[in-house]
Amino acid sequence: MTTIATNPIEKRTENRSSATIRFAGDSGDGMQLAGSQFTNTSALFGNDVSTLPEFPAEIRAPAGTLAGVSGFQINFSSEDIFTPGDRVDALIAMNPAALKTNLRDLVEGGILIVNSDEFNIANLAKAKYPTNPLETDELSRYQVYAVPIATHTVEAVKDLGLSAKEAERCKNIYSLGLVYWLYDRPLEATINWIKSKFAKNDQIAQANIRALQAGFHFGETAEIFPVRFRIERAKLPTGKYRNITGNQATAMGLITASRLCGKPIVYASYPITPASDILHQLSHYKHFDVKTIQAEDEIAAVCMAIGASFTGAIGVTASAGPGIALKQEAVGLGVMTELPLIIIDVQRAGPSTGMPTKPEQTDLWQAMLGRNGECPVAVVAAASPSDCFQTAIDAVRIAVQYMTPVFVLSDGFTGNSAEPWRIPKAADFAPFPVIHPADPTVFQPYARDERGVRPWAIPGTPGLEHRIGGIEKADITGNISYDPENHQHMVNLRAAKIDNIAREIPPQDVYGDASGDVLLVSWGGTFGAVRTACDTARKRGQRVSHMHMRWLNPFPSNVGDVLKRFKHVVICELNMGQLQLLIRGRFLINAHGLHKVQGRPFMVSEVLAKVDEVSRG
Amino acid sequence: MTTASAPLTPKDLKSDQEVRWCPGCGDYSILAQTQKVLADIGIDRANTVFVSGIGCSSRFPYYMNTYGFHSIHGRAPAIATGVKCANPQLDVWVVTGDGDGLSIGAGQLLHAIRRNISLKILLFNNRIYGLTKGQYSPTSEQGKRTASTPLGSIDPPVNPLSFALGVGATFVGRAIDVDIKSLQLVLKRAAAHRGTAFVEIYQDCNVYNHKAFEFATDRNTKEDHIVYLEHGKPLIFGKDRKKGVRLNGFTPEVVDLAGTPADDLLIHDESAHSPALAFLLAQMKFPSMPEPMGVLRCVESTTYEHMLEDQMATARRQSGAGDLDKLFSQGDTWEVE
Ligand code: SF4
């Protein structure tokens with residue numbers, strides 16, 4: 001496997017409808033960069049794409065260790081796709097540790113490209129390989145291509161005068177070039193990106209371009225690759241597209257919502273994985289009337305947002321599970337004072353610190369129930385990276401129209417992964433202007449309109465001076481009240497207000513037939529895997545439908561009816577049955593659950609297996 | 001600070017809510033003096049917001065006929081920061097206590113002060129937990145016997161002024177609930193300050209910690225136990241103003257004026273760039289030293305809200321008012337036909 005001839009040979013090209021590949025290497029190897037370049041190029045080429053970046057939990061795990069492996073998976077297709085793919089067709093492993101941690105996801109007979117330069121005794125030991133897998137038959141079930149990637153890279157850039165370290169650093173781009181060849185991708189987009197990224201350092205720019213081309217030419221000329229693959233353009237709806245991650249979409253959704261209601265945003269948050277990117281994004285958009293504050297802690301962040309909401313801005317805060325736990329007392333204050341407030345929870349594996357870089361859907365109960373007292377809030381979840389955009393708009397609309405905190409549930413997978421987004425026109429969105437009261441003669445802080453919503457009177461308005469706070473309010477006046485009947489009444493009013501939101505949200509739709517054997521239920525980021533499984537099952541002739549729930553509180557008014565029309569209901573969630581309990585409790589049905597808490601999204605095959613299991617009865 | 005058209009009276013600043021502190025509580029006086037001072041200044045009620053946390057003192061906003069927010073324990077500085085950032089035109093006051101501000105909310109207080117955001121923070125220090133019925137507080141003297149410390153508390157107390165100075169306060173003052181004149185003066189100065197104004201007010205909790213500040217309020221002895229600070233003036237105090245404070249190295253000491261040349265005395269400089277003098281004053285404690293009242297420090301520095309607005313304006317100038325369609329199309333795009 002060590003001698004590689006480089007004579008030009010006749011190569012075949014095979015068509016495929018889709019492929020899933022994964023770049024894996026040490027966290028210092030630039031795998032995220034290679035992956036996102038491949039994503040961009042594929043999207044620009046016209047494929048539908050779905051990605052799954054995987055970061056090591058440790059910020060600087062020792063190089064070459066299992067804990068330090070970083071990966072980036074891309075599913076690209078000529079058809080509409082919803083998931084980053086269950087298994088990978090091609091794996092690029094930059095060192096033994098990356099091979100060890102990723103091999104189990106490679107399909108049998110799949111392409112395995114390894115950087116043979118790194119398969120030395122020290123690295124093999126770090127990866128806990130007693131023998132070199134390249135020299136045994138351990139990998140015989142795969143098409144193994146051992147390429148001395150580092151050596152080739154250094155060779156390609158040798159006359160540019162780079163240090164050995166700088167030269168070797170281009171090896172991710174070399175491997176990217178090789179994979180571009182393998183999947184017949186154009187190099188232009190990445191070359192342009194390199195040029196602008198290293199505009200100030202021509203030497204490095206040249207080196208990266210050389211490495212990219214060298215990788216591509218190696219594929220072209222080396223005898224070892226007899227076949228390359230072509231994945232044709234997808235037939236996506238016409239329009240202008242870009243790639244978008246969930247956290248980017250959330251930031252843009254907030255900005256759009258702010259425009260639509262004519263209120264500025266005050267975004268206060270404390271850095272936490274995987275939500276910090278929203279803060280990073282928004283901090284660039286001050287010209288959109290967005291003020292960002294990096295608060296001293298999670299509690300201060302939510303409190304600043306509440307103070308801003310009281311003052312007439314849209315107060316927004318975001319975090320992940322542990323930070324949300326800290327904010328909950330203040331969310332209760334938001335419920336009591338009936339102020340608009342957006343709390344974004346980019347969920348990650350818990351409890352406690354858990355696995356910060358790994359996604360889970362284990363904060364549903366926390367969002368619904370995690371406060372003292374009878375404390376209902378609206379809860380909405382984003383189905384995909386691009387859906388974070390509309391979800392943020394919906395959340396702001398409900399928050400200002402119903403004077404309530406709204407939880408937006410996303411997760412580490414949805415927040416960080418990318419997919420093509422058909423760029424909307426700003427003019428396509430209906431404004432929802434906010435009207436603050438101004439007439440002192442009729443003003444009562446806790447009087448309600450027919451939906452049960454109190455007025456949003458803001459400081460600076462003469463004659464409407466009033467006081468609010470966390471102590472129970474007397475109905476209408478908002479003065480302090482410890483009256484027992486009033487408390488019961490106010491609890492009822494707050495609950496009724498949240499229930500009334502059901503009037504504003506569309507009825508629950510069902511994908512597939514309106515009745516049948518199995519109803520798959522999903523919420524949030526599990527949408528893609530469940531939708532794909534539903535399609536597959538239906539193609540096999542199974543009577544399966546899919547209900548994806550966007551609003552988790554309140555439920556759309558017809559959810560109970562939908563559930564009744566199926567023999568079996570299976571609720572698929574990356575937790576141990578949180579929505580399942582809520583649905584069982586609310587609708588008294590024997591809903592099954594598909595549960596997984598491994599810090600990874602569902603595989604389509606897992607959902608299909610569950611469908612088979614419940615169908616068998 | 002905008003001036004309302006009709007002259008404002010303290011009565012205009014009273015809300016319609018019945019004041020519910022214990023009879024004899026020092027909070028009554030602070031409320032009355034605050035209403036007096038704000039009426040004198042002629043504040044615009046519509047542009048004034050009082051924010052509080054939890055505790056007896058934190059009921060304050062309910063009694064002020066301005067905008068008010070009675071929030072949660074310790075978090076008033078953060079809520080107030082949100083208010084001020086959202087609308088820098090508002091005058092924002094924070095009312096807190098020793099437990100609210102220096103125990104559960106010490107983090108929020110620290111960060112509000114270090115940002116130098118224009119909040120006027122009044123910390124009512126009664127050295128006890130009143131609302132929860134009499135546990136020792138972070139400012140209680142060591143050895144305090146309370147419901148939760150029958151054998152005496154073992155935590156050393158925190159000094160609120162030193163804390164505020166330590167985190168960079170640009171305005172630090174102290175007053176006493178019943179010392180009406182000096183309380184009014186400090187409140188007036190705080191109201192005029194740009195940046196965070198931190199004021200500690202000695203407040204008598206006559207139910208759980210009565211006479212905690214008797215040394216500073218007893219008609220017969222108080223003059224020997226406190227010293228009123230005046231900018232540019234020597235520190236002179238005592239019943240017949242016969243005592244002064246002098247620096248011996250870094251240590252202040254009390255001297256008899258009779259035997260001390262006048263220019264030996266410590267001259268107060270509230271605007272000194274270095275907080276060292278203010279810190280030294282803050283450390284003067286009864287009974288060995290008179291405790292300082294008045295303004296310890298008042299310096300100008302750029303405020304948080306100013307810098308925030310400045311960045312907003314710069315962004316608007318450089319990028320123009322944001323265009324959503326441009327925002328959506330950032331980065332690589334492609335057409336599907
Ligand atoms: S408990 Fe003390 S501080 Fe509280 S209201 Fe009564 S006297 Fe005032």
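Which order do the strands take in the open sheet of seven strands in chain A? The first legend below has the answer.

A note for all views: this is a predicted model, in which local features need pLDDT of at least 70, side-chain atom pairs count only at pLDDT 80 or more, and totals for chains, interfaces and linings use all residues. Residues are numbered from 1 along each chain as its sequence is written, while chains are lettered from A and ligands numbered from 1 in the order in which they are written.

**View 1. An open sheet of seven strands in chain A.** The order runs 11-10-12-13-15-14-20, with mixed pairing. Strands here are DSSP E runs of at least two residues, helices are H or I runs of at least four, and both are numbered from the N terminus; two strands pair if DSSP finds at least two bridges between them. At the edges sit strand 11 and strand 20 (551-553) of chain A, each pairing on one side only. Neighbouring strands are turned by 20 degrees against each other on average, direction ignored. Zoom in on strand 12 (residues 314-319) and strand 13 (residues 341-347) of chain A, and you'll find a parallel pair held over five bridges. Thr317(A) has Ile343(A) in strand 13 as its bridge partner. Chain B joins in here too: its helix 2 packs on the sheet, touching strand 10, strand 11 and strand 12 of chain A, with a direction about 145 degrees from that of strand 10. For such angles, axes are lines fitted to C-alpha atoms (for helices, over the stretch in contact), and values run from 0 to 180 degrees between N-to-C directions. Touching goes by contacts, meaning C-beta atoms, placed from the backbone, within 7 Å of each other.

**View 2. An open sheet of nine strands that takes in both chains.** Its order is 17(A)-2(B)-1(B)-3(B)-4(B)-6(B)-5(B)-11(B)-7(B), again with mixed pairing. Strand 17 (467-469) of chain A and strand 7 (226-228) of chain B stand at the edges with a single partner strand each, so one side of each is left without a neighbour in the sheet. From one strand to the next, the twist averages 20 degrees. As a reminder, strands of a sheet pair through backbone hydrogen bonds, either parallel or antiparallel.

**View 3. Strands and helices of chain B in the nine-stranded sheet.** Strand 5 (residues 171-176) and strand 11 (residues 291-298) of chain B are antiparallel partners over four bridges, and Phe171(B) stands opposite Cys298(B) in strand 11. Helix 6 (residues 180-192) of chain B packs on the sheet, touching strands 4, 5, 6 (197-202), 7 and 11 of chain B, and makes about 160 degrees with the direction of strand 5. Helix 2 (residues 76-86) of chain B lies across strand 1 (48-52), strand 2 (67-70), strand 3 (91-97) and strand 4 (119-125) of chain B, running at about 175 degrees to strand 3.

**View 4. Where chain A touches chain B.** Here 58 residues of chain A are in contact with 52 residues of chain B. Helix 11 of chain A gives the most to its side, with nine residues. By class, that side has 31 nonpolar, 16 polar and 11 charged residues. (Ala, Val, Leu, Ile, Met, Phe, Trp, Tyr, Cys and Pro count as nonpolar, Asp, Glu, Lys and Arg as charged, and the others, Gly among them, as polar.) Strand 9 of chain A and strand 12 (residues 333-336) of chain B run antiparallel, joined by four bridges; one of the bridge pairs is Gly239(A) with Val336(B).

**View 5. The residues around the ligand.** Chain B provides Trp21(B), Cys22(B), Cys25(B), Asp27(B), Cys56(B), Asn126(B), Gly130(B), Cys205(B), Asn206(B), Val207(B) and Tyr208(B). Each has its C-beta atom, placed from the backbone, within 6 Å of the ligand. Sorted by class, the shell has seven nonpolar, three polar and one charged residues.

**View 6. Asp100(B), a residue of helix 3 (residues 98-104) of chain B.** Is Asp100(B) buried or exposed? Asp100(B) is buried, because 33 other C-beta atoms lie within 10 Å; the cut-off for buried is 20 or more, with 12 or fewer for exposed and partly exposed in between. Leaving aside neighbours within four places in sequence, Asp100(B) is in contact with residues including Gly53(B), Ile54(B), Ser58(B) and His73(B).

Definitions and conventions
Contact = placed C-beta atoms within 7 Å.
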